[in-house]
Amino acid sequence: MPTVHMLDYVAGNVRSLVNAIEKLGYTVSWVRTPEEVASADKLILPGVGHFGHCLSQLSSAGYLPAIRAHIDSGKPFMGICVGLQALWGGSVEDPDVPGLGVIRGKLDRFDDSDKAVPHIGWNSANASSRALYDLRPESKYYYVHSYKYPYVAGELEAAGWTVATGTYGAQNQFGGEVFVGAVAKGNVLATQFHPEKSGVAGLRVLKSFLTGEGARTLGQEVAGPAPTGGLTRRVIACLDVRANDQGDLVVTKGDQYDVREKSEGNDVRNLGKPVELAKKYYEQGADEVTFLNITSFRDLPVADVPMLEILRRTSETVFVPLTIGGGIRDTVDTDGTKVSALEIATMYFKSGADKVSIGSDAVVAAEEYYGAGRKLFGNTAIEQISRAYGNQAVVVSVDPKRIYVPKPDATRHHTIKTNFPSQTESRDEYCWYACTIKGGRETRDLDVVELVQAVEAMGAGEILLNCIDKDGTNSGFDLELINQVKSSVRIPVIASSGAGNPQHFEEVFEKTTTDAALGAGIFHREEYTVKQVKDYLAEKGLEVRLFERDL
């Protein structure tokens, strides 16, 4: 098998990139010293997280001169995400750390006054009428980043670069910030998006680089569809995974977190096998797949946690982002060894996860944060992981429930006037959302606004917003809750709990500014497929990514 070389440094989930390359018929050889760069033909620099962290690591290990020499030699080079950003002279993310300087200029941060940051999701990479490594205007590609190079028409082209752009911001996705989605020149290709997480569209880009076809056709005039718009509406499939009474791992779902069958036997509800269901949802067009480990498998050695194997197997065939939640905390292994949350997250990233989800521990951390006068300690799981891998790698899963009160000043918490008053005799018209832990079994004196603002300050990059009152009801998302949370933070929010039909997805996208919507039971019970939901959204004029099958 032909070989492609990849730099070996902490870069988040490189397992999926390896799987994508192997799927295309190539093998990966790891470059572990600067001297080995010289023997590489095709070289890939992946990157996730912080510009300064990435460049500082490469610099301290002596890689930067070797990478520049590789590029100058004319041999194929590809940078992905931070690997693209490394080509510039620097970034405001860490002004004191220089980049490779292959391209003049400095990266800037997205403006978060009118949109969530990080920019997470499926967006365009429009290369206009010039060929750029099989990028297609009708396709969508997966981005996850807070920093970008703002596109100025003709600037990079004057220096010989072929450029593809994306647009982020503004309600209709036009008129927002236009940024560089990909650049190519001679032997160099760099993408801000993750091709290994961009489904078939991304595999085409990787194939074009690996075969050399992209370099041969670069910049040629091409005819094709007009450039498309910006960020799509994300539809996420969520799989609650636990061991049943026989010890088998199953995908389950329940009402208000009760996953036991009501019939005789009272066994854990079995809705399918995790790896098989994840592949099915990917092939139906799911934009992301989330695994929530709802038992944590606490009696096993950390290195043998079954979710690691599920991620390894899933990432071999599912080329969209994978999130894993459950048990990501500082812990003690079965042999007495202390294991940090960062070490556990690293195991998950190396097994194929792109993001980790933290639940109950985030509530405890938020309580300590407020108890110390809004002081950050630097040692929470959120802070550990976001510092090493970037905030886009950390999702906080929130499980709130309604507490009704007669008037706003009846509580110290953030209240809303609801259109769905209490069903008790008093018919209270105000409520606040209390945070819960332990799968909703324990309620804390912390409201949802306090929680999401605290975890945003700690470095979380996304909120997975569940709702105990709505879970398992098939009655639609809690729009009031979603709007309250969206108005309280500037990071993306995923709406969860209550989806029962495609109209509920349309409703949440039309009546809130949520960044994504998640379904579970609706898909597991085969009431609707992911494709049916996305087809319905497209019919209603909402921009979605449609699944592509052919390379």
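**Group meeting: a walk through the model, starting from strand 12**

Let me start with strand 12, residues 188-191, where Val 188 and Ala 190 point one way while Leu 189 and Thr 191 point the other way, and all of them are buried. As background, side chains in a regular strand alternate between the two faces of the sheet. I should say at once that what we are looking at is a predicted model.

Which strands, then, are joined to strand 12? Strand 4 runs parallel to strand 12 and is joined to it by four bridges, and within this pairing Met 78 has Leu 189 as its bridge partner. Strand 11, residues 177-185, is also joined to strand 12 by four bridges, but here the two run antiparallel, and Ala 182 has Thr 191 as its bridge partner. Strand 11 and strand 12 form a hairpin with two residues between the strands, and in this hairpin Gly 186 takes a positive phi near 60°.

From strand 4 we can step to Cys 81, which lies in the loop between strand 4 and helix 5. The UniProt record, an unreviewed entry, carries the annotation "binding site" for Cys 81. Is this residue, Cys 81, buried or exposed? Its relative accessibility is 3%, and because buried means under 20%, Cys 81 counts as buried. Leaving out residues up to four places away in sequence, Cys 81 touches Gly 47, Val 144, Thr 191, Gln 192, Phe 193 and His 194; you will recognise Thr 191 from strand 12.

Going back to strand 11, I would like to point out Glu 177, which lies in that strand and whose side chain makes a polar contact with the side chain of Lys 115, at 2.6 Å. Beyond its neighbours within four places in sequence, Glu 177 is in contact with several residues, among them Arg 109, Asp 111, Lys 148 and Tyr 168.

Lys 148 brings us to another sheet, an open one of three strands in the order 5-6-9, with mixed pairing. Strand 5 and strand 9 stand at its edges, and each has a single partner strand, so one side of each is left without a neighbour in the sheet. Strand 6, residues 103-109, is joined to strand 9 by two bridges, the two running antiparallel, and Asp 108 stands opposite Lys 148 in strand 9. In the loop between strand 6 and strand 7 we find Pro 118, and the peptide bond leading from Val 117 to Pro 118 is cis, with omega near 15°.

Turning to the helices, helix 10, residues 306-314, packs with helix 11, residues 341-351, at an angle of about 30°, with the axes 8 Å apart. Because angles under 35 degrees count as roughly parallel, these two helices, helix 10 and helix 11, are described as roughly parallel to each other. Where they meet, helix 10 brings Met 307, Leu 308, Leu 311 and Arg 312, and helix 11 brings Met 347, Tyr 348 and Ser 351.

I will finish with two residues that are not glycine and yet have a positive phi, Arg 374 at about 60° and Ser 497 near 80°. Arg 374 sits in the loop between helix 12 and helix 13 and, at 54% relative accessibility, counts as exposed, whereas Ser 497 sits in the loop between strand 26 and helix 16 and, at 6% relative accessibility, counts as buried.

Terms used:
Residues are numbered from 1 along each chain as its sequence is written. This is a predicted model: local features need pLDDT of at least 70, side-chain atom pairs count only at pLDDT 80 or more; totals for chains, interfaces and linings use all residues. Side-chain values use heavy atoms; hydrogens and water are left out. UniProt positions are given in the numbering used here, feature names are shortened, and annotations may be inferred rather than shown by experiment. Buried means under 20% relative accessible area, exposed over 50%, partly exposed in between (1.4 Å probe, protein chains only). Contact means heavy atoms within 4.5 Å. Two strands pair if DSSP finds at least two bridges between them. A polar contact is a pair of N or O atoms within 3.5 Å; within protein, one must be able to donate a hydrogen and the other to accept it, and residues adjacent in sequence count only if both atoms are side-chain atoms. Axes are lines fitted to C-alpha atoms, for helices over the stretch in contact, and angles run from 0 to 180 degrees between N-to-C directions. Angles under 35 degrees count as roughly parallel, over 145 as roughly antiparallel, 65 to 115 as roughly perpendicular and the rest as oblique.
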